[in-house]
Amino acid sequence: MEKVISKKISKVLILVVAFCLVFTIGLSGAFAAPLPKAKTLSNKTPVYKSTNLKSKYGTVQKNASVPIMQVNVKKGWYKVKISGKAYYMQDKTLKFTPIGKYKTTSACKTYLNANTKQSVSKLKKSATVNLIAKNVAKGWHLVASGSGVAYIQSKFLNLTNAATSMDAGTSNTGNAGNTANTSNGTTGSTGSSGNEMAFDAGVAGRQSVAGVAPYLETATADRGYIVGGMSDNGGYRTYGYFTKDGKSSNPEFKATGNPVNFLLPMGMGTYNATLVQSINGSTQVRLLFPFKMFNGGAETIELYKMPNSEVDYDASTLFVRQAQGLVSGRTTDEAKFKAMYEWLVKNYNYDYPKANSIQPGYMVDLDAMYKAKKGVCIDFAIELAAMARSQGIPIKVAKGKCKIVDNYGTYHAWNEVYISGQWRIVDSSSDACFREAGAKYNMYKDASEYNPTSYT
């Protein structure tokens, strides 16, 4: 019997460590920014099955937007994602849209990626590079210089001072100008972007751009969140970010067609929110909101009873409809929550193939996950959160480290549910692994063994 139990426990530990190691590598979207998309430069741009020119698979039309999975997977090659599968394209056939030009703070090197010592080029102090993406790995930015796209250590770029204000060569965002002052109704200048700031008197705290109609509503900021949206984005990619005390939020938030609640990620204090829209393919960027300032308030329990930009659901969401049936006849929050938790753990498995291909910046599609009947740890956490919140039960999606996963060595995602006046730890993805291995598990975990770094 002891040998049987030992084998079961070993299998469980292997499963838990394996899926969370993959989560650390692939789901670092909460802790590292995703790679940006790139545009194809010509018609019939070739796509390959491998980094071999004889493995041509097909072609992509000009100006197609291609998700980049990995740059410099081999010198001269990028790994890309097309129709949900991984392929390869030559770097010379693709072009990124730079964020801006910045100067190096000292002499340094650029590298093929963040995990290699193979350098691409040597840069002198005050050398100018195009910034492609920030924080693509811990301590690293992605830049372009005369030697191509490469990684540079973040300590060598001062992102508070651009070489030319928001000027990325082929990109043109205009001058941020003055900070908009929402307290007295005056507006800041957007410089050469050609847009004038305008206020919607019908909604408290709403600020929008004439002719474009994106907006950020900050009337709820003192409750720990704001509302963002765009009535018509015209097919353009619109994105933004929060800054507070000199630090930027990561990952960036996206403004969508429908109003979305965005939790303020850095606690109480004064925030800036910047909203930017890419236009004319990869050649131009338009600054929509130049540093809108507002004060963020304390976190409240109500934040965790409603949908937001990550836990995005409504009455038609399949998990929400499932939850309605599961709680029928149950009168207490704990009984309702236990029914939802047990259903999820017993009916959903951990998705190992998905874990091997998942990318930074991944967002959970709840209806797709409902049908798939499997997922990774962030899927489980958001699925359970959507069901519980739809029933008025406060629940957080927590991201951080825990003892069971490589002894606090790797990142993980779980839930904290508010039951009987206290927050309780629930780790449904780990419990699904225990269930698959035939091992015992308890719904509530020891809080001392979980160290969250962020909540959604």
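A residue counts as buried when its relative accessible area is under 20%, as exposed when that area is over 50%, and as partly exposed in between. The exercises below concern a predicted model, and each is followed by a worked solution.

**Exercise 1. The chain as a whole**

State what share of the residues in the chain is buried, and how many helices and strands the chain has.

Solution. With the cut-off of under 20% relative accessible area in hand, buried residues come to 47% of the 456 residues in the chain. Turning to secondary structure, the chain holds seven helices and 34 strands. The accessible surface amounts to about 21,700 Å², and carbon and sulfur atoms hold 48% of that surface. As a last step, take the contacts between residues at least 6 apart in sequence: 59% of these join residues that are at least 24 apart.

**Exercise 2. An open sheet of three strands**

Find the order of the strands in the open three-stranded sheet, and explain why one side of S4 and one side of S8 lack a neighbour in the sheet.

Solution. Strands of a sheet pair through backbone hydrogen bonds, either parallel or antiparallel. In this sheet the order is S4-S1-S8, and the pairing is antiparallel. Strand S4 (65-66) and strand S8 (94-95) are at the edges and have a single partner strand each, so one side of each has no neighbour in the sheet. Looking at one pair in detail, strand S1 (residues 38-40) is joined to S8 by two bridges, and Lys39 has Lys95 in S8 as its bridge partner.

**Exercise 3. An open sheet of five strands and the helices across it**

Work out which strands stand at the edges of the five-stranded sheet, and which strands helix H3 and helix H7 lie across.

Solution. Begin with the order, which is S33-S32-S31-S30-S34 in an open sheet with antiparallel pairing. The edges are taken by strand S33 (444-445) and strand S34 (450-455), and because each has a single partner strand, one side of each is left without a neighbour in the sheet. Strand S32 (residues 422-426) pairs with S33 over two bridges in the antiparallel sense, and the bridge partner of Ile425 in S33 is Lys445.

Next come the helices. Helix H3 (residues 333-347) lies across strand S30 (395-402), strand S31 (411-419), S32 and S33, and runs at about 150 degrees to S31. Helix H7 lies across S31, S32 and S33, and runs at about 105 degrees to S31.

Two residues complete the picture. Trp414 belongs to strand S31 and, with a relative accessibility of 1%, is buried; Trp414 is eleven residues from Ile425 in sequence, and their C-alpha atoms are 7.6 Å apart. Thr453 belongs to strand S34 and, at 54% relative accessibility, is exposed; between Thr453 and Lys399 there are 5.9 Å from C-alpha to C-alpha, although they are 54 residues apart along the chain.

**Exercise 4. Two helices in contact**

Describe how the axes of H6 and H7 cross, and sort the residues of the contact by class.

Solution. Two packed helices are described by the angle between their axes and the distance between the axes. The axes of helix H6 (residues 377-390) and helix H7 (residues 428-437) come within 8 Å, crossing at roughly 115 degrees. Angles of 65 to 115 degrees count as roughly perpendicular, and H6 is therefore roughly perpendicular to H7. From H6 the contact draws on Cys377, Phe380, Ala381 and Leu384, and from H7 on Ser428, Ser429 and Ala432. Sorted by class, the contact has five nonpolar residues, two polar residues and no charged residues.

H6 also appears around another helix. In helix H2 (residues 318-326) the buried residues are Leu318, Phe319, Val320, Ala323 and Leu326, and what covers them includes H3, H5 and H6.

**Exercise 5. Positive phi values**

Say where Ser126 and Lys373 are placed, and whether each counts as buried, partly exposed or exposed.

Solution. Most residues other than glycine have a negative phi. Ser126, which is not a glycine, has a positive phi near 70 degrees. Ser126 sits in the loop between strand S11 (119-123) and strand S12 (128-137), and its relative accessibility of 40% makes it partly exposed. Lys373, also not a glycine, has a positive phi of about 65 degrees. Lys373 lies in the loop between helix H5 (366-372) and strand S29 (374-375), and with a relative accessible area of 36% Lys373 is partly exposed.

Definitions and conventions:
Residues are numbered from 1 along each chain as its sequence is written. This is a predicted model: local features need pLDDT of at least 70, side-chain atom pairs count only at pLDDT 80 or more; totals for chains, interfaces and linings use all residues. Side-chain values use heavy atoms; hydrogens and water are left out. Two strands pair if DSSP finds at least two bridges between them. Helices (H or I, at least four residues) and strands (E, at least two) are DSSP runs, numbered from the N terminus. Axes are lines fitted to C-alpha atoms, for helices over the stretch in contact, and angles run from 0 to 180 degrees between N-to-C directions. Angles under 35 degrees count as roughly parallel, over 145 as roughly antiparallel, 65 to 115 as roughly perpendicular and the rest as oblique. Contact means heavy atoms within 4.5 Å. Ala, Val, Leu, Ile, Met, Phe, Trp, Tyr, Cys and Pro count as nonpolar, Asp, Glu, Lys and Arg as charged, and the others, Gly among them, as polar. Buried means under 20% relative accessible area, exposed over 50%, partly exposed in between (1.4 Å probe, protein chains only). Accessible areas come from the Shrake-Rupley method with a 1.4 Å probe; for residues, only the protein chains shown count as cover.
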